[in-house]
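Let's take a walk through this structure together, one strand at a time. Have the sequence at hand and follow along.

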Amino acid sequence: MDFAIRDVESAHIPQIEALEQACFSLPWTAEALCSQLKDAQHEFIAAVDAEGRVLGYVGMLFVLDEGYISNVAVGPDYRRQGIADALIDRLCGLCAAHALAFVSLEVRAGNVPAIALYEKHGFEKVGLRRNYYERPKEDALIMTKYF
């Protein structure tokens with residue numbers, strides 16, 4: 001599948017909001033997503049196909065030399081096609097460009113495919129947040145990649 005990784009723009013928000021609803025039990029609103037648009041403390045990138053369709057996205061907040069990934073999602077119809085790999089790879093490049101010491105995220109403890117993806121990209125399990133997720137209630141693994 002052909003796609004390009006680019007900065008999220010306001011015009012992408014309705015598609016990303018729809019992906020949030022398809023992928024998460026407590027999706028972010030358009031307003032919350034807009035707060036993630038690229039600025040001096042955020043990176044927000046998307047995989048976009050030739051027709052302008054957003055296939056997946058990832059957002060990150062960074063403060064000083066610390067990065068925190070907010071959401072990673074790929075539409076259900078586009079999974080297992082290298083999109084999440086490309087997004088995480090690009091995000092790690094942006095982390096290096098910002099001279100971050102680490103980037104961290106939470107992932108559902110039962111989300112085996114996502115955990116494998118993050119481990120493939122050098123993330124390590126460093127902690128646990130009990131009952132972090134709702135609908136259904138589930139623990140979160142804290143995973144961190146050190147640079």
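Which residue in β4 is the bridge partner of V63? Look across from V63 and you land on E66. Keep in mind that what you see is a predicted model.

That pair belongs to a bigger pattern. Strand β3 covers residues 54-63, and strand β4 covers residues 66-74. The two pair in the antiparallel sense, over 7 bridges. They make a hairpin with 2 residues between the strands, and L64, with a positive phi near 55 degrees, is part of that hairpin.

Stay with L64 for a moment, since it sits in the loop between β3 and β4. Is L64 buried or exposed? Its relative accessibility is 77%, so it counts as exposed; the cut-off for that word is over 50%. L64 also has company on the surface: together with L61, V63 and Y68 it forms a nonpolar patch. The accessible area of these four residues comes to about 370 Å² together. So V63, where we began, turns up again, because it is a member of this patch as well as the bridge partner of E66.

Now go back along the chain to β2. This strand and β3 also pair in the antiparallel sense, again over 7 bridges. Two of the contacts are easy to trace: V48 has V54 as its bridge partner in β3, while E43 has M60. β2 and β3 form a hairpin too, with 5 residues between them. In that turn you'll find G52, which has a positive phi of about 85 degrees.

On the other end of our tour is strand β1, residues 4-7. β1 and β2 pair in the antiparallel sense over 4 bridges. Here V48 shows up once more, as the bridge partner of A4 in β2.

How many residues of β2 are buried? The count is 7 of the 7, in residues 42-48, so the strand is largely enclosed by the rest of the structure. Both of its faces are covered: H42, F44, A46 and V48 are buried on one side, and E43, I45 and A47 are buried on the other. β3 tells a similar story, with 8 of its 10 residues buried, so β3 too is largely enclosed by the rest of the structure.

Note on methods
Residues numbered from 1 in each chain as written. Predicted model: local features only at pLDDT ≥ 70, side-chain atom pairs only at ≥ 80, totals over all residues. Heavy atoms only, no water. Buried < 20%, exposed > 50% of the residue type's maximum accessible area, 1.4 Å probe, protein only. Pairing = 2+ DSSP bridges. Patch = residues over 30% accessible without salt bridge, like charges linked within 9 Å, V, L, I, M, F, W, Y side chains within 5 Å. Areas by Shrake-Rupley, 256 points an atom, 1.4 Å probe, with all protein chains shown as cover. Salt bridge = Lys/Arg side-chain N within 4 Å of Asp/Glu carboxyl O.
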